[in-house]
Amino acid sequence: MAVEQSLTPRGEQTRIHDIGYRHYDGPRLGRAYARRSLYSQSLRGSYGLGRSVKSKVLPMLLFVVMCVPALIMVAVAVATKAKALPVDYTRYAVIMQAVIGLYVASQGPQSVSRDLRFKTVPLYFSRPIETVDYVRAKYAALASALFVLTAAPLIVLYVGALLAKLDFADQTKGFGQGLVSVALLSLLFAGIGLVISSVTPRRGFGIAAVIAALTISYGAVSTVQAIAFEQSSTSAVPWLGLFSPITLIDGVQTAFLGATSAFPGGEGPSSGQGVVYLVVVLGLIAGSYGLLMRRYRKVGL
């Protein structure tokens, strides 16, 4: 209870309120709960949930843009009684790579740049979570958000294919391959986006850098591949695909998931070259995680 004293120096009434301090006697939920809470908050924030209406516009718009072409393809397949979908499940994300890159560019900096700009990261690490908890929660949240973005149109295609009475076994196999592909893409893009975003507290710089790394690199690599193909240097085309994140995913799914390559001439990497692609992709994912750990160990000091 508050203890109140009344003093009257020099004819003026002064009051001192001593409210004391109360200790927290409730349950201590620990690191696991804090990590789950940070993951849930970051995942919701990736789609603007729990934030202002303005924050919801872009991620929701990009989600709709990702799904609308799939809906149109399904409508055409059902109306024309087609025997196959216009686009393979593994090809859809490659076609929509610009939308995916824009989503990472907008939500990667949103996930970590504000913490850096307002210098709240040391507060996270004060107690009870540690650096590894913060990095894992942020990485998992952005990767999950990307998986939702890229898997949703595949679900639309799969349901539409079943409604169009296409072969169940073929569609299920293709759908499974597509999910594996976008899961790998989500991990790779999330890692790259977070590493770039964690370098600067300025969100605008982070957005520009992520777009350059994901979208502009794809255009540059595709152009060089086309030039090499036109000059009959077909052997160089698969190796050039190692220099862009989306062509890396294209190469892995072509070599191991039976996908049709988007490379010029439709000739993707061989099985041996595919091993190199897979090693590079896994190395980039592991390297991104390691760089984030090093970065936030320094920031949290």
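Helix 4 passes helix 6 in a right-handed crossing, a crossing being right-handed if the near helix is turned clockwise from the far one by less than a right angle, and left-handed if anticlockwise. The structure is a predicted model, in which local features need pLDDT of at least 70 and side-chain atom pairs count only at pLDDT 80 or more, whereas totals for chains, interfaces and linings use all residues. Residues are numbered from 1 along each chain as its sequence is written, and side-chain values use heavy atoms, without hydrogens and water. Helices are DSSP runs (H or I, at least four residues) numbered from the N terminus.

Helix 4 spans residues 97-117 and helix 6 residues 131-163; the two pack at an angle of about 155°, with axes 11 Å apart. The arrangement of helix 4 against helix 6 is therefore roughly antiparallel. Axes are lines fitted to C-alpha atoms over the stretch in contact, and angles run from 0 to 180 degrees between N-to-C directions; those under 35 degrees count as roughly parallel, over 145 as roughly antiparallel, 65 to 115 as roughly perpendicular and the rest as oblique. On the helix 4 side, the contact (heavy atoms within 4.5 Å) involves Ile 100, Tyr 103, Val 104, Gln 107, Gly 108, Ser 111, Val 112 and Asp 115. Their partners in helix 6 are Tyr 134, Lys 138, Leu 142, Ala 145, Leu 146, Leu 149 and Thr 150. By class, nine residues of this contact are nonpolar, four polar and two charged; Ala, Val, Leu, Ile, Met, Phe, Trp, Tyr, Cys and Pro count as nonpolar, Asp, Glu, Lys and Arg as charged, and the others, Gly among them, as polar.

Helix 4 also packs against helix 7, at an angle of about 45° and with axes 8 Å apart. Helix 4 is therefore oblique to helix 7, and the crossing is right-handed. Residues including Ile 100, Val 104, Gly 108 and Pro 109 of helix 4 meet Leu 185, Phe 189, Gly 193, Leu 194 and Ser 197 of helix 7. This contact of helix 4 with helix 7 has eight nonpolar, five polar and no charged residues.

Helix 7 (residues 168-197) in turn packs against helix 8 (residues 203-230) at about 140°, with axes 9 Å apart. The two helices are therefore oblique to each other. Phe 189, Ile 192, Gly 193, Ile 196 and Ser 197 of helix 7 contact Gly 206, Ala 209, Val 210, Ala 213 and Leu 214 of helix 8. Seven nonpolar, three polar and no charged residues form this contact of helix 7 with helix 8.

The largest nonpolar core (buried Ala, Val, Leu, Ile, Met, Phe, Trp, Tyr and Cys residues joined through side-chain atoms within 4.5 Å) has 69 residues, and Tyr 92, Leu 157, Phe 189 and Tyr 296 have the most contacts inside it. Helix 6 supplies the largest share of this core, 14 residues. Leaving aside neighbours within four places in sequence, Tyr 92 touches residues including Met 66, Pro 153, Leu 154 and Leu 157.

Met 66 lies in helix 2 (residues 53-80) and is buried, with a relative accessible area of 0%; buried means under 20%, exposed over 50% and partly exposed in between, with a 1.4 Å probe and protein chains only. Beyond four places in sequence, the contacts of Met 66 include Tyr 92, Ile 100, Leu 149 and Thr 150. Thr 254, in helix 10 (residues 245-256), also counts as buried, at 17% relative accessibility.
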